[in-house]
Amino acid sequence: MVNISAVMSEALAKSDLLWVRTPDRDRLCWFAVPGEDHALPTGTVVVVSGGGEPDLGTLPETVHLVLRSKGDGRRLLVLQARTEAIPTDDERWGAAADLALSERLNAAAGTAARWRDDATIWLLTPFGQPLESPAADAPTDLVAGPVRPSPGATTVRRPWHLGGRGRRRR
C-alpha cells in the first residue's frame, strides 16, 4: 500500500513544475506550496496566471493537477483540485504573492505590483483520491495521440557532388 499523502508531499517538494489540466487543454506552470507556518492552508498549491507568467485563463471550479517525477519527468500523480481565485483586496493575496515571489526564479523588481495589476493568483486545493498514482493500475488506453504527417519529416535529396561520387575501391 502506497501512502498517497506522502507521495503527493514528496512530489510537490521535489518538483518545480506541474500541469494544470482543464477540459480544454493542459498547461505547464510553476507553483508554490505553503509550509506549515504559513497563513495559507497546508496542502494547497499557489499558481500565478498572467502578468508576465503563463496565462492559464479562467479556470473551472475543479481541475486536475498532474505532478511529475523530478528524476525522469514522468507522470507521478494526477489529483483533482478545487480552484479559487484570490482577489487582490483579500488579506490572503499578500501572503500568496509573497510565497509565489519567493519561489519565482529571477523575479525582477516590481513583480508583485505587476501581478496585482495584471495577474490572477489561484489557490488550488487537492481533494479526494488520486485519479492516477503509483498504487493504481496503469491506464490501458493510449496516452499519446497518433503521429501526424509533418513537412519537417520529409525525405531529403542527396547533395550534388562536383565530378560525381567517388567509386568504392576494393
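Mentor: Quick definition before we start: a cavity is a set of grid points where a 1.4 Å probe fits but cannot get out, and its lining residues have an atom within 4 Å of a point. Keep in mind that this is a predicted model.

Trainee: Okay, which residues line the largest cavity?

Mentor: Searching the whole structure turns up one cavity of 30 Å³ or more. The space inside the largest cavity is about 30 Å³. Its lining divides into three nonpolar, one polar and two charged residues. Those residues are Val20, Thr22, Arg25, Arg27, Leu56 and Leu59.

Trainee: Over to the helices. Is helix 2 parallel or oblique to helix 3?

Mentor: Start with the axes of helix 2 (residues 91–103) and helix 3 (residues 111–118), which come within 10 Å and cross at roughly 130°. An angle over 145 degrees would count as roughly antiparallel, and 65 to 115 as roughly perpendicular, with this one in neither range, so helix 2 is oblique to helix 3.

Trainee: And what is the handedness of that crossing, right-handed or left-handed?

Mentor: On the helix 2 side, Trp93, Ala97, Ala100 and Leu101 do the touching, and they meet Thr111, Ala112, Trp115 and Arg116 in helix 3. By class, that contact has six nonpolar, one polar and one charged residues. As for the crossing of helix 2 and helix 3, the handedness is right-handed.

Terms used: Residues are numbered from 1 along each chain as its sequence is written. This is a predicted model: local features need pLDDT of at least 70, side-chain atom pairs count only at pLDDT 80 or more; totals for chains, interfaces and linings use all residues. Side-chain values use heavy atoms; hydrogens and water are left out. Axes are lines fitted to C-alpha atoms, for helices over the stretch in contact, and angles run from 0 to 180 degrees between N-to-C directions. Helices (H or I, at least four residues) and strands (E, at least two) are DSSP runs, numbered from the N terminus. Angles under 35 degrees count as roughly parallel, over 145 as roughly antiparallel, 65 to 115 as roughly perpendicular and the rest as oblique. A crossing is left-handed if the near helix is turned anticlockwise from the far one by less than a right angle, and right-handed if clockwise. Contact means heavy atoms within 4.5 Å. Ala, Val, Leu, Ile, Met, Phe, Trp, Tyr, Cys and Pro count as nonpolar, Asp, Glu, Lys and Arg as charged, and the others, Gly among them, as polar. On a 1 Å grid over the protein atoms alone, a cavity is a set of points where a 1.4 Å probe fits but cannot get out, and a pocket is an open set with protein on both sides within 12 Å along at least five of seven lines; lining residues have an atom within 4 Å of a point. Grid points are joined across faces, edges and corners, and a volume is the space filled by probe spheres set on the points.
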